[in-house]
Amino acid sequence: MTAIEAAEAAGPTEPARAAESATAVIVPPPPQASPLIARAAAELIGTAALVAVVVGSGIQATDLTKDVGIQLLANSTATVFGLGVLILLLGPVSGAHFNPVVTLAEWWTARRGGAGVTLREAAAYVPAQIAGAIAGAILADAMFGEPLVKWSTHDRSAGNLLLGEVVATAGLILLIFGLARTDRLRFAPVAVASYIGAAYWFTSSTSFANPAVTVGRAFTDTFAGIAPGSVPGFVGMQIVGAVAGLALVALVFMRGAERGVEREAEHRGVSEAAVPARPAE
């Protein structure tokens, strides 16, 4: 047996097991986890790029056409492709959350015995995501010659829009954690990007589903902007949606967990049956 074969037969090393226990929600990190500063940087850069895509494509669309439907189509299409690429690129580093509710939901599941970020990691991720979102909005404005910071006047405080944010965020959390529960996170770049693209159209709010992105979009008075006065309501409903999404995950995937317990019990029963009974003394 070669040294490589022996190592494979021995199973994962302790560092590898430690890395597995810190697996991020969207895309598992490499066997050797990146330093926290690198992961926080990935979250900042990824969120900045995401907001730049959302805001920049919105500005471009409104410059090219006055048809609101085409503007939304251009905006959603750019977001789908941009988000998919960013998850694929940065997922192996930080998990590609780009979203405080995803980070906090993962921390919550980790503290209850699941895999995910620690409180220290969440405390680094969330500010990085918010700072990145603001930087991304300013960058998009700069690229298109808009004022670098101009508070949005796009009011989004109507009750139906707030309901849309609950639905959009709950669906996003259900998708991400559902993929994690079923061991299909490898499909996350396509699945998450596709969901957000669809939610642009089937939710009344056009699916912000992200507190950091919501804050960033308040800094630009363009197609994708949101008035600062509407931000607290959106963020509050996103948190409600995240809680609802985790509840749905627990409900929908409960049967699979029970099956696993049953199979383990059956396996133990078979193993015990295979052992000859001790003769009575």
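What share of the contacts in the chain between residues at least 6 apart in sequence join residues at least 24 apart?

## Contacts along the chain

The share is 78%. Keep in mind that we're looking at a predicted model here.

## Overall make-up

This one's an all-helix affair in terms of counts: eleven helices and zero strands. Walk along the sequence and you get α-α-α-α-α-α-α-α-α-α-α.

As for burial, the chain has 281 residues, and 45% of them count as buried. Its accessible surface comes to about 14300 Å², with carbon and sulfur atoms taking 68% of that area.

## How H5 meets H10

Two packed helices are described by the angle between their axes and the distance between the axes. For helix H5 (residues 100-111) and helix H10 (residues 231-252), that angle is about 40° and the axes sit 10 Å apart. An angle of about 40° is neither under 35 degrees nor in the 65 to 115 range, so H5 and H10 are oblique to each other. As for handedness, H5 passes H10 in a right-handed crossing.

## Who touches whom

On the H5 side, the contact is made by Val101, Ala105, Trp108 and Thr109. H10 brings Gln238, Ile239, Ala242 and Leu246 to the contact.

Sort those residues by class and you find six nonpolar and two polar ones, with no charged residues in the contact of H5 with H10. The polar pair is Thr109 from H5 and Gln238 from H10.

Definitions and conventions
Residues numbered from 1 in each chain as written. Predicted model: local features only at pLDDT ≥ 70, side-chain atom pairs only at ≥ 80, totals over all residues. Heavy atoms only, no water. Helix = DSSP H or I, 4+ residues; strand = E, 2+ residues; numbered from the N terminus. Buried < 20%, exposed > 50% of the residue type's maximum accessible area, 1.4 Å probe, protein only. Contact = heavy atoms within 4.5 Å. Areas by Shrake-Rupley, 256 points an atom, 1.4 Å probe, with all protein chains shown as cover. Axes fitted to C-alpha atoms, helices over the stretch in contact; angles between N-to-C directions. Parallel < 35°, antiparallel > 145°, perpendicular 65-115°, else oblique. Left-handed = near helix turned anticlockwise from the far one by under 90°.
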